[in-house]
Amino acid sequence: MPYPDAAAFGDLSVLARLTEELDRFNAFEGPDPAGRNRAAWTEHLGTRLPQEGAGLEAVLEDLRKWIVPNGLRNGHPGFSGWVTTSPTTSGTAAALASTVAGSQRVWIHTFNYLEKLSLDWLKQLLGFPENWHGTYTTGGSSANLIALGAARQWAVEQQGFDPSMTGLPAHLKWRIYASSEVHHVVNRAAAVLGIGRRNVIGVPVNSAGEIDPDALQQRIAADRKEGFLPMAIIATAGTVNTGAIDPISRLRAIADEESTWLHVDGAYGMFGILDDRVRERYDGVAEADSVALDPHKWMAAPVGNGVAMVRDRDLMGRAFTLEPAAYLEGSMGQQDEVVASPFDGFGEILHEFNLDQSAPSRGVQVWAILREIGKSGMTDRVKRHNGFARHLSALVEKDPYLEQLAPVVLSICCFRYVHPDLDESQLNELNRQLMAALRAEGDLVPSSTILDGKLAIRPCYVNPRTRLEDVDLLATRAREIGDALAQRLKESPTR
Ligand SMILES: *Cc1c(COP(=O)(O)O)cnc(C)c1O
């Protein structure tokens, strides 16, 4: 070994041994060991900094024996919690390929090219205007931050200032409007952008979880009287609680009247536009000023893959420019048609529209998934998952001991176990225990939420591996476990 750092490189065939273990992991056989074995693996892994390296073999051994087997089973067919899944094979392969051969998204190479091409494909898939400008992000959190950063740029420029260069003018007060169901990453984005979490106004929703447009208008008017300017209106296309979709075209009209920006947070639900049953709820999205969406949710891309799209490329550039530096642009040659070296130019310029300079190539993941399954495959998946939620809703409807707690719009079905002898607080306790029992069994893992004070079991189907039988089983097990818990609660009412 010529150098003391002794890191191996150049023999990736060792990965074959790892993929064997990954395949075993992805079979999700037996009970999930990660929780139960926690003491063992933290003890094995939790050493102090090694002074001497143990070598690649030891790393592979730990990966195979300890780390992968005790990893996260959110790709299990029965997992339907939150809005997450693990990646399918094409996205995984693309991520690995880009880790090795596209380890920066800039300069002139295939991975750089696919950053833009895949965004074009997403626009075609979702019916967005071809001239929108997109950028890959680490997820929905940063996609919303970037979109709202563009909104801030636009709004403050309208007042004659450049917030990117000189900051927010002290004499102007801003508000961002969304429904009370808005994802809290939006509040955090407002915090980071200097607007403030409390200046994101959570406008009341109707019984379907959709923003009340009249209440929105009244609130904007009242705020204007107090000197607040609207910076943006946010439509959520697929809330994380219930999958509700705000009336986008109505919000577009209000944004026009108020001369303000319309942002659509579709991190989860944007792909729902592929399902004819709900397509018209997305009317107006192509007229939005910005959109956030997450390939790492319904597309099952590897986590770390979000997208922000903004109508106006130059504006987005003014908000996020890195500003030319001798170290970067200054070191470039010409970006001619024919270049002598891939390092002669940046290729598709990406770091001017984003928060990151160095960043992985993510477009190849989306490219791989769409090349593999096409628009028809994505459409089938979305329809299948929306169908699962409807199927579960019908099972819940038929069972007098199950109750649906919100309308099904996309692939979320909120329901709970009910029993005539139990009061509301007992029902919440019962459903909490029901959730814990499901997690302990491990074959069906939905997550929960609170709707109107009621604890709701909340499966969200975005996982390509989930089968109809997993949906059936959730209704069956909820009923069975619920019955057993109800019996116990009735026997010992003072829990
Ligand atoms: C998931 C989600 C977010 C947050 O996105 P991350 O990718 O988890 O950072 C924001 N808004 C909505 C509507 C979401 O579904």
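Colleague: Hi! What covers the buried residues of H5?

Modeller: Hello! Bear in mind that this is a predicted model. The cover over the buried residues of H5 includes two helices, H6 (110-126) and H13 (363-398).

Colleague: Thanks! Which residues of H5 are buried?

Modeller: They are Ser90, Gly91, Ala94, Ala95 and Ser98. If you look down the axis of H5, these buried residues fall within an arc of 135°, so they line one face of the helix.

Colleague: And on the other side of H5, which residues are exposed?

Modeller: There you will find Thr89 and Thr99, which are exposed.

Colleague: Nice. How many residues does H5 have, and what span does it reach?

Modeller: H5 covers residues 89-101, so to speak its 13 residues, and reaches 18 Å from the first C-alpha to the last. That is close to the 18 Å expected at 1.5 Å a residue.

Colleague: Let's change topic to the strands. Is E3 largely enclosed or not, and why?

Modeller: Strand E3 (residues 173-179) has six of its seven residues buried, so the rest of the structure largely encloses it.

Colleague: Which strands does E3 pair with?

Modeller: One is E5 (residues 228-236), which pairs with E3 in the parallel sense over five bridges. Another is E4 (residues 200-203), joined to E3 by four bridges and also running parallel.

Colleague: Which residues are the bridge partners of Lys173 in E5 and Ser179 in E4?

Modeller: Lys173 has Phe228 as its bridge partner in E5, while Ser179 has Val203 in E4.

Colleague: Last one: what do E3, H9 and E4 make?

Modeller: Together with helix H9 (residues 184-192), the strands E3 and E4 make a right-handed β-α-β unit.

Notes
Residues numbered from 1 in each chain as written. Predicted model: local features only at pLDDT ≥ 70, side-chain atom pairs only at ≥ 80, totals over all residues. Heavy atoms only, no water. Expected span 1.5 Å × (residues − 1). Buried < 20%, exposed > 50% of the residue type's maximum accessible area, 1.4 Å probe, protein only. Arc of directions from axis to C-beta. Contact = heavy atoms within 4.5 Å. Pairing = 2+ DSSP bridges. Right-handed = clockwise from strand over helix to strand, strands pointing away.
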